[in-house]
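Trainee: Before we discuss this structure, could we go through the reasoning behind each label, setting the values against the definitions?

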Amino acid sequence: FACFFREHDCIEHKTIGREPSTLNIPIEIIDDNEEFIIICKPPSIPVNFCRYRSLKISFLGHGCGNFRFNTVLGIMKQEMGYKDIFRKFDYIRFIEEDLALHRLDKLTSGLLLISKSQAVATKFQKELLNHTIEKVYIARVVGKFPNDELKVNKPIYCVSKKLGRYDVCEDDEKEKQSKEAKDAYTVFKKIWYDELTDTSLIECK
């Protein structure tokens, strides 16, 4: 097959992008008021998506891996009728930082706050930085957790982004740099223990 191109000819090709699959669990709306929306984020779905500046190819931000539509913000915008919220924000900034008031990992389920205005988002972020807002995680683990509080003051690093696995390392500068670890301090406290399943529900903060 021979083809000759002339001046001003245009070549166009199309690609099909397939995103990783997620669990078929709907996003539940817990509360929807004037300032923000409280949702129950299902596991396996990341919060943020990628966004481009207008028709240009340059990124304004980055989401989670290859996800763009199968995300919390993507589903809320395309399938749940919240497109008007996205139009109120300044697209020069990272839109995911404005809408999602805090982060939950892809494999983590839980309550997530979505802002309806930049004023609310800015106020929330300031209170979070000033530690006037406290985040508490509830985790279910295998085995009987000790009755006493367990305090862990060790750097944490990512073992596998694909599997969402993290681990702690010793507080050594060389090891921290090699593993790109970040300082972390967490207090674990048992809420209850289930003998039937041999699992414990613990509070992490």
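**Salt bridges and exposure**

Mentor: In this predicted model, aspartate 194 and arginine 140 meet through their side chains in a salt bridge, with 3.9 Å from N to O. The two residues belong to distant parts of the chain, aspartate 194 to strand S8 (residues 186–194) and arginine 140 to strand S4, 54 residues apart.

Trainee: What makes the contact of aspartate 194 and arginine 140 a salt bridge?

Mentor: The N to O value is 3.9 Å, and the definition asks for a side-chain nitrogen of Lys or Arg within 4 Å of a carboxyl oxygen of Asp or Glu, so the pair qualifies.

Trainee: Why is arginine 140 called exposed, and why is aspartate 194 called partly exposed?

Mentor: Arginine 140 has 54% relative accessibility, and exposed means over 50%, so the label follows. Aspartate 194 has 21%; since buried means under 20% and exposed over 50%, this residue falls in between and is therefore partly exposed.

Trainee: What makes lysine 116 and aspartate 32 a salt bridge, and which parts does the pair tie together?

Mentor: Their closest N and O atoms are 2.5 Å apart, which is within the 4 Å of the definition, so this pair also counts. Lysine 116 lies in the loop between strand S3 (110–115) and H4, whereas aspartate 32 lies in strand S1 (residues 28–32), so the pair ties together parts that are 84 residues apart in sequence.

Trainee: Why is lysine 116 called buried, and what is the label for aspartate 32?

Mentor: Lysine 116 has a relative accessible area of 18%, and because buried means under 20%, the label applies. Aspartate 32, with a relative accessible area of 36%, is partly exposed.

Trainee: How many salt bridges does a search of the whole structure find?

Mentor: The search finds five, and one of them joins the side chains of glutamate 170 and lysine 154 at 3.3 Å, N to O. Glutamate 170 is in the loop between strand S7 (165–168) and helix H5 (173–179), and lysine 154 is in the loop between strand S5 (150–152) and strand S6 (156–160), 16 residues apart.

Trainee: Why is valine 136 called partly exposed, and of which surface patch is Val136 a part?

Mentor: Valine 136 has a relative accessible area of 40%, which lies between the limits of 20% and 50%, so partly exposed is the right term. Together with Ile138, Ile191 and Trp192, Val136 forms a nonpolar patch on the surface, with about 360 Å² of accessible area together.

Key:
Residues are numbered from 1 along each chain as its sequence is written. This is a predicted model: local features need pLDDT of at least 70, side-chain atom pairs count only at pLDDT 80 or more; totals for chains, interfaces and linings use all residues. Side-chain values use heavy atoms; hydrogens and water are left out. Patches are made of residues with over 30% relative accessible area and no salt bridge: like charges are joined within 9 Å, nonpolar side chains (Val, Leu, Ile, Met, Phe, Trp, Tyr) within 5 Å. Accessible areas come from the Shrake-Rupley method with a 1.4 Å probe; for residues, only the protein chains shown count as cover. Buried means under 20% relative accessible area, exposed over 50%, partly exposed in between (1.4 Å probe, protein chains only). Helices (H or I, at least four residues) and strands (E, at least two) are DSSP runs, numbered from the N terminus.
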